[in-house]
Amino acid sequence: MHVSFAFGIKYDTLTVKADGSGERWQLERPYTEDFMLKRKFYDRLVTWKNTKKQSCLLVKGARQIGKTFIIDLFGQENYKSYVCINFVERPQAKDIFDGELTAEEIYKRMTLVFPSIKFIIGDTLIFLDEIQECPNARAALKFLAIDDRYDVIASGSLLGISYREVPSIPVGYEKQVEMHSLDFEEYLWAVNYGDDKIAILKQYFEKKEKIPAVIHETMLKHLREYIVVGGMPAVVNTFVEQKHFGLVQEEQQKILVSYFDDISKYASNTEKPKVKNCYLSVPRQLAKENKKFQFSIVEKKATARKYENSIEWLRDANFVMLCHNVSTPSFPLSAYEKEEQYKLYLSDIGLLVSLYGFDMKKAIIDDTLSGNAKGGIYENLIADMLRKKGYPLYYYRTENGSMEVEFLLSKDASVVPVEVKAGNGSTASLNSLLKREEIPYGYKLIAGNAGVNDKKTVLPLYMAMFL
């Protein structure tokens, strides 16, 4: 695992002894603000560098999740020559990709726009940032991959929206990977939990053992903080540095404004208000006992036909996650997907909570929240955690509503149901599914402690990071 850096940091320490286990948890807290967030995505970049064969890397993901920062760090640490071209900051760089798109011509035109550029065969990284602003650059990836003298990474925030403008998608010559905001484990790193402490937690998960009370309560506290802070790097940095939830809310509002600016800039004139209204309806959708996304909550008497393009826009922009219902809880889940029935979750749990207003933060931190809103928020939390683990999102609900399980995972060619309880309610639907021979086991995620009951494993909500 790549280790991020901390420069000139002084620490105070708090030592806690776990109940009955003899484990000692030492939390290091920096006095200064001079630190960098550790991200798992760095290792994916290293793996690509070591295994690529005539392919460029295309990094997709929502705006402000840290794509540029981590690729910049990777380029500076792993290449003798690193070239970063941002098509938003330097729109004149688009001229490089006008005309003939052979690698030779492209590299020659780069030297005209950037005279001090240095090319070292086999040891140069070229980073094309905000590539959605230059469709010809996306088409050129094929020829740069075939040339293969220099490594090329492209990144963009709205690639799903702008792909239609690309004259030729370089199929077979670009490896697409998706990056997300910080997951819960990365958040724990940010608040100075090392890999050794997380490894202790994972041992409890693997052994399905009850977690010592002091560790359990501490982790629930950090999970509630993660729910209100989320994983956007600027927000996490603000919280770690300032420990100020008001400033956290301000940073989240800035990000939401930038999202709405993107909608205004990139959505068609007819879609702009519909896209924004669909996005803003998600907190209301999750606060109700809805079993699928309801367009009537967006607008009275609205129909799917009117808003289906708006949902597609939000999905392609990575602003939301779709979780589809399936007709039967069987492998492969994609074969039984009900395209017209889905739940909608926001792609960052902190942004969802910020839309509810500042008072929601206090209710979550104080653990005084109850009702449907709490259940919806915790569902979005687990959807966020599962998506960042790489799982496609599915749920199961029968036509008559007699059975519903929040999430279904595919594991070893089998289906694993996951039921989410913000408290510790009953799990009749999960119990019913586990009676099926073809379903090997299932999970109940709760605010309580771990335990096992036949095929059902009960886990604290924060253990979803290990599923």
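## Polar contact of Glu-406

A polar contact is a pair of N or O atoms within 3.5 Å, where, within protein, one atom must be able to donate a hydrogen and the other to accept it, and residues adjacent in sequence count only if both atoms are side-chain atoms. In this predicted model, local features need pLDDT of at least 70 and side-chain atom pairs count only at pLDDT 80 or more, while totals for chains, interfaces and linings use all residues. Residues are numbered from 1 along each chain as its sequence is written, and side-chain values use heavy atoms, with hydrogens and water left out.

The side chain of Glu-406 reaches the backbone nitrogen of Val-420 at 3.2 Å.

## Surroundings of Glu-406

Glu-406 sits in the loop between β11 (404-405) and β12 (407-411), where strands (E, at least two residues) and helices (H or I, at least four) are DSSP runs numbered from the N terminus. Glu-406 counts as buried because its relative accessibility is 11%; buried means under 20% relative accessible area, exposed over 50%, and partly exposed in between, with a 1.4 Å probe and protein chains only.

Leaving aside residues up to four places away in sequence, Glu-406 touches several residues, among them Cys-323, Tyr-394 and Val-420, a contact being heavy atoms within 4.5 Å.

## Backbone features

Most residues other than glycine have a negative phi, and most peptide bonds are trans. Gln-64, however, has a positive phi near 65 degrees, and Ala-413, in the loop between β12 and β13 (414-420), has a positive phi of about 60 degrees. The peptide bond from Phe-331 to Pro-332 is cis, with omega near -5 degrees.
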